[in-house]
Amino acid sequence: DVALKLHQMLPPQATIPAKVLTPWAEQIKKDSGGRIEVELYPAMQLGGKPADLVDQARDGVVDLVWTVIGYTPGRFPKTEAFELPFMITNAEKSSQAFYEYYEKHLKDEFADYHVLAVHTHGPGLIHTIAGKPINSVEDMNGVKLRGTSKVVNALLEAMGASPVGMPVTAVPEALSKSVIDGSVVPWEVTPAIKIAELAPNHTGFAGDKGLYTATFLFAMNKDAYEALPDDLKQVIDKNSGMELAKKFGIAMDQGDVRGKKMAEDAGNKIIMLDEAETEKWKTLSEKVTTDWIEEMNGKGLDGNTLFNDAVALIDKYNQ
């Protein structure tokens, strides 16, 4: 009865397309008795840049998108609470926390979409080219690092680096042409963008909280959803929400294990900063959080409440 186009930026073998989006499409077909066919278009096959995906879903150019929320800076400001430094633990727990945060705070920001799930990735790390390992915060001085979003770029700047904004798909070429010295990404996406090969130094942090995370949106065009008969809406609804957010998170965590193993097998340098060094980074990053709270307050939003709720929800799912 219905064919739905799902557009996203990564190749089909990357973690989320392979482990979540393809199985989701198959489950939708099965649960609908073959009445809904989800057509998968990876790697921006239908045109545009990754930052265009949210508009493609809103405007009905496509029916479904999976994308990084931070690729459209300032568009969904309340989501940025989860990108703040040293907030999140693993993706499974943080994705559930973020979905509950969405239900409490973000429905107005995403009013133009039928949201199926939101989620995060696991702890973000720093990956740098040969000759530029990051052993301390002093090593960040002047290093050109690709950042994920406005908040992450502010964090890199606070550490002394020179942030360069670009989608993750542009990272391999930027590294190979020395446009950047490295990138922040979780382990999960490193195989898809050849990080182990192009940036053989990997820096992580002491404790259970990662440097940052990115937030993701899996959404449907509102009109496309509304046009479905009630029984097919129920199929979509059954495969949406908190459980789907958790599935995204679990896939991200499993992808982190695979990505790290690839770097280890390649004999790369994996640097885990000790507690004292990690504390230096945390101290320097505090201004990023306070600046963000002030910025939200300046927009007429309650920055303190948003931040405190994000912290409380992350703690809730990590108990």
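Here are some short exercises, each with a worked solution, on a predicted model.

**Exercise 1.** Work out which strands stand at the edges of the 6-strand sheet, and why one side of each is left without a neighbour.

*Solution.* Start by writing down the strand order: this open sheet runs β7-β6-β8-β5-β9-β11, and its pairing is mixed. Next, look at the two ends of that list. β7 (162–165) and β11 (269–272) each have a single partner strand, so one side of each has no neighbour in the sheet. To finish the picture, add the twist, which averages 25° from one strand to the next.

**Exercise 2.** Zoom in on β6 and β7: in what sense do they pair, and over how many bridges? Then find the helix that packs on this part of the sheet.

*Solution.* Take strand β6, residues 144–147, and set it beside β7: the two pair in the parallel sense, over 4 bridges. For a landmark, find L145, which stands opposite P163 in β7. Now bring in the helix. That's α4 (residues 150–158), which packs on the sheet and touches β6, β7 and β8 (182–185). Compare directions as a last step: α4 makes about 160° with β6.

**Exercise 3.** Do the same for the sheet of 5 strands: what is its order, and which strands are at its edges?

*Solution.* The order is β2-β1-β3-β10-β4, again an open sheet with mixed pairing. Its edge strands are β2 (36–41) and β4 (113–120), each pairing on one side only. Ignoring direction, neighbouring strands here are turned by 20° against each other on average. Strand β1 (residues 2–8) pairs with β2 in the parallel sense over 6 bridges, and A3 stands opposite E37 in β2. Then come the helices. α1 packs on this sheet, touching β1, β2, β3, β4 and β10 (215–221), with its direction at about 160° to that of β2. Helix α3 (residues 91–106) lies across β4 and β10, running at about 145° to β4.

**Exercise 4.** Describe how α1 and α8 cross, and say which residues make the contact.

*Solution.* You need two values to begin with, because two packed helices are described by the angle between their axes and the distance between the axes. For α1 (residues 15–31) and α8 (residues 230–238), the axes come within 10 Å and cross at roughly 145°. The crossing is right-handed. W24, I28 and D31 of α1 meet V235, I236 and K238 of α8. Sort those contact residues by type and you get 4 nonpolar, no polar and 2 charged.

**Exercise 5.** How many cavities of 30 Å³ or more are there, and what lines the largest?

*Solution.* The count is 2. The largest cavity has a volume of about 140 Å³. Of its 18 lining residues, V68, H121, V168, V189 and F216 are the closest to the centre. Strands β3 (64–68) and β8 each supply at least two residues of this lining, which splits into 14 nonpolar, 2 polar and 2 charged. Now check the second largest cavity, with about 50 Å³ of space. Its lining includes I69, R75, F76 and K150, and divides into 3 nonpolar, 5 polar and 4 charged residues.

**Exercise 6.** Which helix gives the largest share of the lining of the largest pocket?

*Solution.* First, the volume: about 270 Å³. Among the 15 lining residues, P123, L125, W187, K260 and M272 are closest to the centre. Helix α9 (residues 242–265) gives the largest share, 4 residues. By type, the lining has 6 nonpolar, 4 polar and 5 charged residues.

Methods:
Residues are numbered from 1 along each chain as its sequence is written. This is a predicted model: local features need pLDDT of at least 70, side-chain atom pairs count only at pLDDT 80 or more; totals for chains, interfaces and linings use all residues. Side-chain values use heavy atoms; hydrogens and water are left out. Two strands pair if DSSP finds at least two bridges between them. Axes are lines fitted to C-alpha atoms, for helices over the stretch in contact, and angles run from 0 to 180 degrees between N-to-C directions. Contact means heavy atoms within 4.5 Å. On a 1 Å grid over the protein atoms alone, a cavity is a set of points where a 1.4 Å probe fits but cannot get out, and a pocket is an open set with protein on both sides within 12 Å along at least five of seven lines; lining residues have an atom within 4 Å of a point. Grid points are joined across faces, edges and corners, and a volume is the space filled by probe spheres set on the points. Ala, Val, Leu, Ile, Met, Phe, Trp, Tyr, Cys and Pro count as nonpolar, Asp, Glu, Lys and Arg as charged, and the others, Gly among them, as polar. A crossing is left-handed if the near helix is turned anticlockwise from the far one by less than a right angle, and right-handed if clockwise.
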